[in-house]
Amino acid sequence: MSFKGKTALVTGSTSGIGLAVATRFASLGANVVLNGFGDAAEIEKIRAFLAATHGVEVTYDGADMSKPAEIAAMVEKAIARFGAVDILVNNAGIQFVSPVEDFPIEKWDAIIAINLSSSFHTIRAALPAMKARGAGTIINIASAHALIASPFKSAYVSAKHGVAGLTKTVALEVAEMGITCNAICPGYVLTPLVEKQIPDTAKARNMTEEEVIKKVILEAQPTKRFVKVEEVAGIAAFLASPDAASITGATISVDGGWSAR
Ligand code: NAD
């Protein structure tokens, strides 16, 4: 599999799943646009490492995925530099855990903006160039929570169900244009996003943090282990390959059997 000469833009790729996806595409020859928050020196280290290790161009754009104008500018800049965004991976996301009646309104708004609306904004900005070329891959990193719910995650589950709907709608609109749009639905992956929610889940469920890992997190996954970031990256690479040309509008579970129950 080679993506030499192609460009992958991965939102939220300074950490976790997004970083693994960006790394995979770089290792397969694609130029990469990194995005996400973090320490500027750390991010520059990642950017330079990926470029030097894989002999590809890697740029970084610090656009805030809750700001539509910054998102549009990021995509425009990528298209101006590389000619197109061939592979768009909508991955940036945040989490907050609380009973619905206590859920802070600003957290609801932020989760809907970053986990759902940002994908609408990147897709609408990237599609014209994809249509002009008659080719493109859109991958939305959704979640098992795009298909099933858990208590205390009202905003996250709503946003991710929305991503599944957006995925299907876009897939139908561009089905005859050589462009695919799919959602990957991971179960629990041990990244900072999950590590941070363990104390809040423990509070909401009146459990210790160890109990949360065993009885809430790994209990949900029949494999009884976390999904690996590399396993998600592998599916993303496959979806961008020619063998996946007939896969579109799909929600692909990578959840150790969670959604099979
Ligand atoms: P993470 O916290 O390691 O990474 C999140 C990334 O998003 C970081 O790069 C962060 O800087 C970026 N980000 C956050 N807010 C942003 C903003 N406003 N603008 C730009 N970038 C922003 O988390 P992760 O677990 O790797 O999550 C990545 C995606 O995978 C998310 O959409 C998440 O919902 C999804 N997901 C994660 C899991 C899991 O168990 N970790 C499971 C299913 C789905």
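**Ligand surroundings, central strands and nonpolar cores**

Of the 30 residues around the ligand, those that come nearest are Ser15, Asn91, Tyr156, Val189 and Thr191. The model discussed here is a predicted one. Several polar atoms face oxygen atoms of the ligand. In the side chain of threonine 14, an N or O atom is 2.7 Å from an oxygen atom of the ligand. Valine 189 contributes through its backbone, with a polar atom 2.7 Å from a ligand oxygen. Glycine 187 also takes part through its backbone, where an N or O atom lies 3.5 Å from an oxygen atom of the ligand.

Isoleucine 17 offers a convenient way from the ligand surroundings into the protein. This residue is found in helix α1, and it is buried, with a relative accessible area of 14%. Leaving aside neighbours within four places in sequence, isoleucine 17 is in contact with Asn91, Ile141, Pro186, Val189, Thr191, Val229 and Val232. Among these partners, Asn91, Val189 and Thr191 are also listed with the residues that come nearest to the ligand. Valine 232 is 215 residues from isoleucine 17 along the chain, yet their C-alpha atoms are separated by 7.1 Å.

Turning to the strands, β1 has buried residues on both sides: Thr7 and Leu9 point one way, Ala8 and Val10 point the other way, and all are buried. Threonine 7, found in strand β1, has a relative accessible area of 1% and is therefore buried, given the cut-off of under 20%. Not counting residues up to four places away in sequence, threonine 7 touches Asn31, Val33, Phe82, Ala84, Val85, Asp86 and Ile87. On one flank, β1 runs parallel to β4, and three bridges join the two strands; here alanine 8 stands opposite isoleucine 87 of β4.

Strand β1 also runs parallel to β2, to which it is joined by four bridges. Within this pairing, leucine 9 has valine 33 of β2 as its bridge partner, and valine 10 stands opposite leucine 34 of β2. The chain passes from β1 to β2 by way of α1, in a β-α-β crossover that is right-handed.

How many of the five residues of β2 are buried? Five of the five are, so the strand is largely enclosed by the rest of the structure. Both of its faces are covered, with Asn31, Val33 and Asn35 buried on one side and Val32 and Leu34 buried on the other. Strand β2 pairs in turn with β3, which spans residues 58-61, in the parallel sense and over four bridges. Leucine 34 has tyrosine 60 of β3 as its bridge partner. The chain travels from β2 through α2 to β3, and this β-α-β crossover is right-handed too.

These elements come together again in the nonpolar interior. The largest nonpolar core has 35 residues, and the ones with the most contacts inside it are Phe3, Val21, Phe25, Val89 and Ile184. The elements giving two or more residues to this core are β1 (7-10), α1 (16-27), β2 (31-35), α2 (40-54), β4 (87-90), β5 (136-141), α8 (229-239) and β7 (251-254). Another core, of 24 residues, lies apart from it and includes Ala78, Phe82, Leu127 and Val170. Within the largest core, phenylalanine 3 is among the residues with the most contacts. Beyond its neighbours within four places in sequence, phenylalanine 3 is in contact with Phe25, Leu28, Gly29, Ala30, Ile87, Ala237, Ala240 and Ser241.

Toward the later part of the chain, tryptophan 258 lies in the segment after β7. At 10% relative accessibility, this residue counts as buried. Leaving aside neighbours within four places in sequence, tryptophan 258 is in contact with Ala144, His145, Ile148, Ser150, Gly187, Tyr188, Ala220, Gln221 and Pro222. Among these partners, Gly187 is the residue whose backbone N or O atom lies 3.5 Å from an oxygen atom of the ligand. Serine 246 is 12 residues away from tryptophan 258 along the chain, and their C-alpha atoms are separated by 25 Å.

Technical notes: Residues are numbered from 1 along each chain as its sequence is written. This is a predicted model: local features need pLDDT of at least 70, side-chain atom pairs count only at pLDDT 80 or more; totals for chains, interfaces and linings use all residues. Side-chain values use heavy atoms; hydrogens and water are left out. A nonpolar core is a set of buried Ala, Val, Leu, Ile, Met, Phe, Trp, Tyr and Cys residues joined through side-chain atoms within 4.5 Å. Buried means under 20% relative accessible area, exposed over 50%, partly exposed in between (1.4 Å probe, protein chains only). Contact means heavy atoms within 4.5 Å. Two strands pair if DSSP finds at least two bridges between them. A crossover is right-handed if, with the strands pointing away from the viewer, the path from the first strand over the helix to the second runs clockwise. A residue is near a molecule or strand if one of its heavy atoms lies within 4 Å of it. A polar contact is a pair of N or O atoms within 3.5 Å; within protein, one must be able to donate a hydrogen and the other to accept it, and residues adjacent in sequence count only if both atoms are side-chain atoms.
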